[in-house]
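Me: Please take a close look at the salt bridges in this model. I would like to know which residues pair up, where they sit and how covered they are.

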Amino acid sequence: MSNVDEIKIDQPALSFENSPENDDEHRKRLEIEELIAQSDNQNISLNTLKKLALTSYGLVNDNLRRILWPQLAGVDVTTLERAPTLHELQNHPEYNQVVLDVNRSLKRFPPGIPYEQRIALQDQLTVLILRVIKKYPNLRYYQGYHDVAVTFLLVAGEEVAYAIMEQLSTTHFSECMQETMEATQRRLMFIWPVVNFENPELYQFLQRSTVGTLFALPWYLTWFGHSLNSYKAVVRLYDYFLASPMYTPIFVTAAILLHRSNEIFKEDCDMASVHCLLSRLPEDLPFEVLLKTSSKLYDKYSLTVIEKEVEILILKEKEQRNVEEKLLLERRKKLTRSVSKNPSYSLSHWFPNLLTPKSLLVTTAVSIVVGVCAYYYKNQYLAAGIS
């Protein structure tokens with residue numbers, strides 16, 4: 001089975017549920033519609049617009065988002081550029097990779113749309129992405145970028161979506177679009193000080209598990225667009241992120257970890273178990289509660305303080321690696337000296353109990369668990385830019 005086929009199987013299909021408004025959503029929609037009706041050219045003041053996007057239910061529906069997302073992103077819809085044809089962009093060096101990723105995104109389109117319409121949307125998505133990276137050759141396309149672009153395309157249309165993605169690529173996603181993922185990986189470490197400040201026991205558990213931050217990489221790269229099954233949840237998060245500072249996804253991630261602490265503590269404290277748990281987001285996450293927590297965390301802890309804590313953490317990890325490398329080197333030297341003194345020494349001399357039936361059974365069981373997780377991680381993260 002090819003990587004493409006594997007990703008198609010494992011990538012969650014978006015649920016485009018059409019649930020009726022509750023009373024609070026209805027009241028907020030009427031409030032926003034009234035503000036738009038009373039404004040000049042449908043423009044709402046930025047402070048008011050941000051407050052609407054940040055508070056419960058965000059901008060409520062896509063009809064309102066189509067009007068208000070460009071304003072949140074700082075896009076002037078009266079000066080949009082003409083979109084080139086797909087043929088005009090076929091010589092771009094990233095063309096084949098972008099087309100491949102767009103073809104993987106079939107499950108991110110509404111189900112049941114006519115074939116011709118889906119093909120047209122895929123072509124528009126390809127053009128949109130190539131336009132951005134052609135205009136900004138210093139920005140590097142990453143797998144997962146298309147998950148963000150397709151959301152704006154579905155809501156706002158090709159030309160507005162391009163203008164929004166152009167803006168976000170030079171601000172919110174600029175760090176992710178560097179030559180390497182080093183800056184992004186470092187940014188993800190900002191999760192740990194926030195978790196430690198709020199729940200030291202949870203922080204210690206996660207550190208002992210050596211889970212790392214790989215589970216959160218697709219969340220950060222795609223504003224959770226790759227990892228959630230609910231379209232309604234995705235666009236609600238996009239309301240929030242468009243109205244927030246660029247590193248806000250870090251605080252949403254911390255809020256999710258804190259919310260799931262009891263669930264995490266029930267797992268074995270090892271990388272495979274914890275990673276398998278965290279990599280899959282529950283479908284019933286209370287995002288309105290989580291977004292309120294995220295905002296409180298952002299206001300509570302300054303990025304400067306978090307940065308200092310990350311520097312300390314990086315230094316400790318470096319020191320630990322140096323100690324481990326030194327111990328490994330010493331063991332290798334001892335082994336080399338012993339073998340040179342007595343060439344008849346074999347592995348069975350050094351590890352007499354290594355190949356007992358019990359040890360083989362344990363090793364096989366662990367290998368199966370790690371293998372299953374590794375298979376899932378590979379499929380999950382290939383589409384988020386990890387190979």
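Reply: Here is the setting, followed by the salt bridges one by one.

The model is predicted. The protein has 20 helices and zero strands. Of its 387 residues, 45% are buried. Among contacts with a separation of 6 or more, 80% join residues 24 or more positions apart. The exposed surface comes to about 20200 Å², with 54% supplied by carbon and sulfur atoms.

Now the charged pairs. Side chains of opposite charge can pair when their charged atoms come close. Searching the whole structure gives 18 salt bridges. Three of them are taken up here, including the one between Lys135 and Glu166.

Start with that pair. The N to O distance between the Lys135 and Glu166 side chains is 2.7 Å. Distant parts of the chain are linked here: Lys135 belongs to helix α6 (residues 115-135), Glu166 to helix α8 (residues 158-169), and their positions lie 31 residues apart in the numbering, counted as 31 residues apart. Cover differs in class. Lys135 is partly exposed, because its relative accessible area is 40%. Glu166 has 13%, so it counts as buried, the cut-off for that class being under 20%. The pair also has company: Glu81, Arg131, Lys135 and Glu166 form a network of salt bridges.

Next, Glu307 and Arg186. Their closest N and O atoms are 2.8 Å apart. Glu307 is in helix α18 (residues 303-341) and Arg186 in helix α9 (residues 182-188), so the bridge links distant parts of the chain, 121 residues apart. Glu307 is partly exposed at 27% relative accessible area. Arg186 is partly exposed too, at 24%.

Then Glu288 and Arg236. This salt bridge has its closest N and O atoms 2.8 Å apart. Here helix α17 (residues 287-300), which holds Glu288, is linked to helix α13 (residues 231-242), which holds Arg236; the two residues are 52 residues apart. Glu288 is partly exposed, with a relative accessible area of 21%. Arg236 falls under the 20% cut-off and counts as buried, because its relative accessibility is 6%.

One residue outside these pairs rounds off the picture. Phe215 sits in the loop between α11 (200-209) and α12 (217-222). Phe215 counts as buried because its relative accessibility is 0%. Its C-alpha atom is 9.3 Å from that of Leu277, with the two residues 62 residues apart along the chain.

Conventions
Residues are numbered from 1 along each chain as its sequence is written. This is a predicted model: local features need pLDDT of at least 70, side-chain atom pairs count only at pLDDT 80 or more; totals for chains, interfaces and linings use all residues. Side-chain values use heavy atoms; hydrogens and water are left out. Helices (H or I, at least four residues) and strands (E, at least two) are DSSP runs, numbered from the N terminus. Buried means under 20% relative accessible area, exposed over 50%, partly exposed in between (1.4 Å probe, protein chains only). Contact means heavy atoms within 4.5 Å. Accessible areas come from the Shrake-Rupley method with a 1.4 Å probe; for residues, only the protein chains shown count as cover. A salt bridge is a side-chain nitrogen of Lys or Arg within 4 Å of a carboxyl oxygen of Asp or Glu.
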